[in-house]
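Open your viewer and have the selection tool ready. We will go stop by stop, and at each one you can select what is named and look around.

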Amino acid sequence: MAFTLYSLLQAALLIVNAIAVLHEERFLRHVGWGSDQGTGGFGEEPGIKAQITNLIRSVRTVMRVPLIAVNSITIVLLLLFG
């Protein structure tokens, strides 16, 4: 398998899919990354843990509908061109 732009985009799509399906109560809270974990006070810089949980929550919120379309297009391309 050659390292092409398509394989790089496909790997990025798989990573975004993996982030999008993380369930907060089932997985993230058991690891200590729930929404109630790591809340700082007013004016404090959020730590790396809070920033990652915000990124996960944002990806799940914003990318839900576009991921359906991109996954469908990827499946059709794989079916047509192998």
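Helices (H or I, at least four residues) and strands (E, at least two) are DSSP runs, numbered from the N terminus. You are looking at a predicted model, where local features need pLDDT of at least 70 and side-chain atom pairs count only at pLDDT 80 or more, while totals for chains, interfaces and linings use all residues. Residues are numbered from 1 along each chain as its sequence is written, and side-chain values use heavy atoms, with hydrogens and water left out.

**Stop 1: the whole chain**

Colour by secondary structure. The chain holds four helices and zero strands, in the order α-α-α-α along the sequence. Of its 82 residues, 17% are buried (buried is under 20% relative accessible area, exposed over 50%, partly exposed in between, with a 1.4 Å probe and protein chains only). Now show the surface: about 6,500 Å² is exposed, and carbon and sulfur atoms supply 69% of that area. Accessible areas come from the Shrake-Rupley method with a 1.4 Å probe, and for residues only the protein chains shown count as cover.

Contact means heavy atoms within 4.5 Å. Among contacts in the chain with a separation of 6 or more, 67% join residues 24 or more positions apart.

**Stop 2: helix H3**

Select residues 48–62. This is helix H3, whose 15 residues reach 21 Å from first C-alpha to last, close to the 21 Å expected at 1.5 Å a residue (the expected span is 1.5 Å times one less than the number of residues). Its buried residues are Ala50, Thr53, Ile56, Val59 and Arg60. An α-helix has 3.6 residues a turn, so residues three or four places apart point the same way. Show the neighbours too: the cover over the buried residues of H3 includes helix H1 (5–20), helix H2 (24–31) and helix H4 (64–81).

**Stop 3: Thr53 and Arg60**

Zoom in on Thr53 in helix H3. Why does Thr53 count as buried? Because its relative accessible area is 9%. Draw a distance to Trp33: the two C-alpha atoms are 6.6 Å apart, with their positions 20 residues apart along the chain.

Next, pick Arg60, also placed in helix H3. Its relative accessible area is 16%, so Arg60 is buried. Leaving out residues up to four places away in sequence, Arg60 touches Ile19, Ala20, Leu22, His23, Glu24 and Leu28.

**Stop 4: residues 63–81**

An unreviewed UniProt entry lists residues 63–81 as "transmembrane region"; such annotations may be inferred rather than shown by experiment. The span is 95% helix and 0% strand, and its end C-alpha atoms lie 26 Å apart.

Finally, select Leu77, which lies in helix H4. At 33% relative accessibility, Leu77 is partly exposed.
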